[in-house]
Amino acid sequence: MILIMAWRNIWRSTTRSLVVIGAIAVGIWAALSLTGFATGMVKSYVNNAVKNIVSHIQVHQPEFLDENEVKFNIPDVAEVEQAIRSEEGVKSVSLRSIANGMISSSKGARGVVIKGVVPEDEARVSALEENTVEGEFLSEEGRNPILISEELGRKLNVGLRSKVVLNFQDRGGSITAAAFRVVGIFDTGNKPFDQSHVFVRRSDLNGLLASPADSALAGGALAHEAAIMVNDIRNVDTIAFSLGAELPNLKVQTYREISPDLELYEGQIKNISLIYLTVIMLALVFGIINTMLMAVLERIKELGMLMAIGMNKLRVFFMIVLESVMLGLVAMPVGLLLGYITIEYVGKNGIDMSMYAKGLESFGMSSIIYFELDPGVYGQVAIGVFLTAVLASIYPALKAIRLRPVEALRTL
Amino acid sequence: MKVITTKGVVKVYNPDKIPVKALNGVDLEIKEGEFTAIVGPSGSGKTTLLNVIGGLDRPDEGDVEVGGHDIDAMSDNDLIDFRKEHIGFVFQAYNLIPVLTARENVEFVMLLQNRPKKERRERAEELLRAVGLEDKMDKRPSELSGGQQQRVAVARALAPKPDFILADEPTANLDSKSSANLLDIMAELNREEKITFVFSTHDQRVIDRARRIVTLVDGKVSSDEVRGE
């Protein structure tokens, strides 16, 4: 019956209750949407980085990571590739040979990382093909094709079909050079990456890297990096662990290890939602306190009567807390539903941030943000609202039980 | 036998500013089954005496014993529990719970006593029938007249089977027909169920029906008259 009483009590002042219920619902909606936005932004950053640059897992020769020299290639490439491909959960693999060198045109020269890839493998691992905005992606046709970025093309004043020269050291330590023809221009949206990377066919690069002494490595037998995409990003750690056990002489790293900033951002998502939630709930606390205090103060006489006829302080306290919790519980489904609809809608259609896209892209984010929310956040918000309602009712409830019945009864 | 005893009860309001002695040494004994009216002019201390007897207020001096319990020795929460079990209140302004129906109002104290639902319901209906409100059980106080509300209040006071019912000017807001009706009900309950009634009043119709009349003047008992009905 105390439940019934509390429920009916909150509807004694319909407008006042609706206002505070509305405030709580909007607060829940805002907390969910803001968290969804922040999560979407971080995920977009992480996904872009994974898709364009780091992929899910990379495998290298340990020394290669330290020294970055072409001689530290992955030994027994074919076996390693076979081992990776047969690993459960692996979606695609691209083996790359890598050289650090210089690209030059008649206009100038710049230092770049030259990545030799097998075109169809690379297309399955990274977004390089989709990001080829002009010309064509690498193919088996033509002689020495190269993909450069828009950014680099501008700096070197070269465009499609222009000729550029790459200079680098081969495995024997001699400087070698070759002319390549620009067949395509790519743009990943990440400026620092674009300026410093070019892509060629692995067979072309290997032919140049392998010195006459180790001509066996020319063609498909030389690679420095295996970039791997998995089917489900949540399994990335298990797969990396099992690969590490299978390839004990190689260094297997997940995207979080390769790019610690990604781990940092991902880790922050939880904090972001907590911070939003705390700030919003703090604001709501005062709204609820105000409402409940009014509800107590205008019922002093009634509360006095309840204590006079035998309702003890604990029960009075509990009734006030219950009324506050009920306000929260009525608002909760409304706010959660609004938040859910917003997140689902923007999650599908995205929110266009192109007004700020320039800034976003230099950080490696997309200009369209798709809201995303870990389902656990709904629960977190629900618990947060419940605690807020309880917290906010404590002061009014204390006020109620401090009343002395005889004085309360005397008030008009 | 359940008895109310007060010995030298003094109650001072505003002790720091302008002290007002609402009760100035009241000695009184009320026995089980009495139907007692406390009368006197406004400000003579009638309501204060009822509050002190009912444990709503504490005396500044003197002793109050209700049914063998020393009121002054109890904590606030003990007093609430004591009232719940032993004392029924009827207030001048009815003071029903506005969000509950007549039946729920009567059931409420029994709920506080953790009585089973079936028992609560049966007793509430029985009492509401006794006060002539069988057709108003599901009405809220705002849908009832003053007289009907006060009858619900009497039913509520009786519900926990208290030893004493203390009624503070129960007829002050009622017309003469409702007053007579209420008094009939209270007198009958007193006669048949041996419930002790103590009420403060300056309503002559009530005084006429009382079997004992205690007159207070300036916080003291000035006369104490026992008479047949």
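Student: In this predicted model, at what angle do helix H11 (residues 260–297) of chain A and helix H15 (residues 376–401) of chain A pack?

Tutor: These two helices of chain A pack with their axes 8 Å apart. H11(A) passes H15(A) in a right-handed crossing, and the residues of their contact divide into 20 nonpolar, four polar and one charged. The packing angle of H11(A) and H15(A) is about 35°.

Student: Are H1(A) and H13(A) parallel, perpendicular or oblique to each other?

Tutor: Helix H1 covers residues 2–10 of chain A and helix H13 covers residues 313–349, and their axes lie 9 Å apart at an angle of about 55°. Angles under 35 degrees would count as roughly parallel, and those from 65 to 115 as roughly perpendicular. An angle of about 55° falls in neither range, and therefore H1(A) and H13(A) are oblique.

Student: How many nonpolar residues does the contact of H1(A) with H13(A) have?

Tutor: The crossing of this pair is right-handed. Among the residues that make the contact are Ile2(A), Leu3(A) and Trp7(A) from H1(A), and Phe318(A), Met319(A) and Glu323(A) from H13(A). Sorted by class, the contact includes one polar and two charged residues, while the number of nonpolar residues is twelve.

Student: What area do chain B and chain A bury between them?

Tutor: The size of an interface is often given as the accessible area lost when the parts come together. Here the contact draws 29 residues from chain B and 23 residues from chain A. Of the buried area, 64% is on carbon and sulfur atoms, and the whole comes to about 2,400 Å².

Student: Which residues in chain B lose the most area to chain A?

Tutor: The answer concerns three residues of chain B, which together account for 22% of what that side buries. They are Ile80(B), Val99(B) and Leu112(B).

Student: Which residue of chain B forms a salt bridge with Arg404(A)?

Tutor: Across the interface of chain B and chain A there are three salt bridges, and the structure holds 35 over all chains. For a pair to count, the nitrogen and the carboxyl oxygen must lie within 4 Å. The closest N and O atoms are 3.7 Å apart in the pair that Arg404(A) forms with Asp57(B).

Student: By about how many helical turns are Arg124(A) and Asp121(A) separated?

Tutor: Arg124(A) and Asp121(A) form a salt bridge, with their closest N and O atoms 3.5 Å apart. Both belong to helix H5 (residues 119–125) of chain A, and because they are three residues apart there, the separation is about one helical turn.

Note on methods: Residues numbered from 1 in each chain as written. Chains lettered and ligands numbered in written order. Predicted model: local features only at pLDDT ≥ 70, side-chain atom pairs only at ≥ 80, totals over all residues. Heavy atoms only, no water. Axes fitted to C-alpha atoms, helices over the stretch in contact; angles between N-to-C directions. Helix = DSSP H or I, 4+ residues; strand = E, 2+ residues; numbered from the N terminus. Parallel < 35°, antiparallel > 145°, perpendicular 65-115°, else oblique. Left-handed = near helix turned anticlockwise from the far one by under 90°. Contact = heavy atoms within 4.5 Å. Nonpolar A, V, L, I, M, F, W, Y, C, P; charged D, E, K, R; others polar. Buried area = accessible area lost by both parts, 1.4 Å probe. Salt bridge = Lys/Arg side-chain N within 4 Å of Asp/Glu carboxyl O.
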